Amino acid sequence: MEERRIYDEFEFEIQEEERHFRSSQNQKDKRINQLEQTIENNQKIIQSLQQEINQKNSKISALHDQNHQSKSVLAPEDLICPLSNKLMIDPVIAQDGNTYERKAIEEWFKNGNNTSPITGEQIETFLIPNKLVKNQCEKW
C-alpha cells in the first residue's frame, strides 16, 4: 500500500512536470510566432519604404533632368556640350581644341573612339579643364 502511494505521488510529479514543460514550450512557441510575425511586418515596412525612396529618387532625378534641360535650352551655345547637348558642368578641352563635358568625351573615348567628335581627326585622350567655360556655366 505504501508502495502504491509513493508510486502515485511519483506519477503525479511526473505529470506535473510534463504539464509545466508543455506550458513552458507553448509559451516559447507563442513568443517565437510573435517574433516571426514582427520580423515579417518589419520586412514589409522596409520594402514599402524602399519603394517610396525609389519613387522619390525617380522624381528628384526627373526634376533635376528637367531643370538641367531647361537651363540648356536657354544657355548660350558655347556652354552646351556638343556630345550631350546639355549645359556643361565639368568642361574640358580635348586635343582638337573643342570643349566638351568631361563625362561625355570620356564616354566617347571609352566606347573605342579615338577621333574628334566634331572634326573626325584622330586625337589623344588627354583632356585639360576649361576653367573659363566652367565659370561661365556656373554663372549661368
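What follows is an informal chat about how a few labels in this predicted model are earned.

Reader: Let's start with Thr-99. What makes Thr-99 count as buried?

Author: The relative accessible area of Thr-99 is 18%, and buried means under 20%, so Thr-99 gets the label.

Reader: Where is Thr-99 found, and which residues does Thr-99 touch?

Author: Thr-99 is in strand S2. If you skip residues up to four places away in sequence, Thr-99 touches Pro-82, Met-88, Pro-91, Val-92, Ile-93, Asn-130 and Val-133.

Reader: Why is the pair Thr-99 and Asn-130 called a polar contact?

Author: The two side chains are joined at 2.8 Å. The cut-off for such a pair of N or O atoms is within 3.5 Å, with one able to donate a hydrogen and the other to accept it, so a 2.8 Å pair fits the distance limit.

Reader: And Asn-130, buried or exposed?

Author: Buried: Asn-130 has 11% relative accessibility, and the label asks for under 20%. Asn-130 belongs to the loop between S3 and H3. Leaving aside neighbours within four places in sequence, Asn-130 is in contact with Pro-91, Val-92, Ile-93 and Thr-99. At the other end of the scale, the C-alpha atoms of Asn-130 and Phe-12 are separated by 93 Å, with their positions 118 residues apart along the chain.

Reader: On to the sheet. How are the strands ordered, and what is the pairing?

Author: Three strands make an open sheet in the order S2-S1-S3, with antiparallel pairing. Strands S2 (99-101) and S3 (128-129) each have a single partner strand, so each stands at an edge with one side left without a neighbour in the sheet.

Reader: How do you know that S1 and S3 are paired?

Author: Two bridges join strand S1 (residues 91-93) to S3. Pairing needs at least two bridges, so these strands qualify. Val-92, for one, has Pro-129 as its bridge partner in S3.

Reader: What makes Pro-129 partly exposed?

Author: Pro-129 has 45% relative accessibility. Partly exposed lies between buried, under 20%, and exposed, over 50%, so 45% belongs there. Pro-129 is in strand S3, and its contacts beyond four places in sequence are Pro-91, Val-92 and Arg-102. Pro-129 and Arg-102 are 27 residues apart along the chain, with their C-alpha atoms separated by 8.5 Å.

Reader: Which helix lies across the strands?

Author: Helix H2 (residues 102-110) lies across S1, S2 and S3, and runs at about 90° to S2. Lys-110 has its place in H2.

Reader: Why is Lys-110 called exposed?

Author: Exposed means over 50%, and Lys-110 has 67% relative accessibility, so the label holds.

Reader: What makes Asn-85 exposed too, and what is its phi?

Author: Asn-85 has a relative accessible area of 55%, and the limit is over 50%, so Asn-85 counts as exposed. Its phi is positive, about 60°, although Asn-85 is not a glycine. Asn-85 is found in the loop between helix H1 (2-74) and S1.

Reader: How many residues are in the largest nonpolar core, and which have the most contacts inside it?

Author: That core has 16 residues, and Leu-87, Ile-105, Leu-127 and Cys-137 have the most contacts inside it. H2 and helix H3 (131-139) each supply at least two of the core's residues. H2 gives the largest share, three residues.

Reader: How do you know that Cys-137 is buried?

Author: Cys-137 has 7% relative accessibility, and buried means under 20%, so Cys-137 qualifies. Cys-81 is buried as well, with a relative accessible area of 0%.

Reader: How many disulfides are there, and why is Cys-137 not bonded to Cys-81?

Author: Zero disulfides turn up in a search of the whole structure. For Cys-81, the nearest cysteine sulfur is that of Cys-137, 10 Å away. A disulfide needs sulfur atoms within 2.5 Å, so 10 Å is too far for a bond.

Definitions and conventions. Residues numbered from 1 in each chain as written. Predicted model: local features only at pLDDT ≥ 70, side-chain atom pairs only at ≥ 80, totals over all residues. Heavy atoms only, no water. Helix = DSSP H or I, 4+ residues; strand = E, 2+ residues; numbered from the N terminus. Contact = heavy atoms within 4.5 Å. Axes fitted to C-alpha atoms, helices over the stretch in contact; angles between N-to-C directions. Core = buried A, V, L, I, M, F, W, Y, C linked by side-chain atoms within 4.5 Å. Buried < 20%, exposed > 50% of the residue type's maximum accessible area, 1.4 Å probe, protein only.
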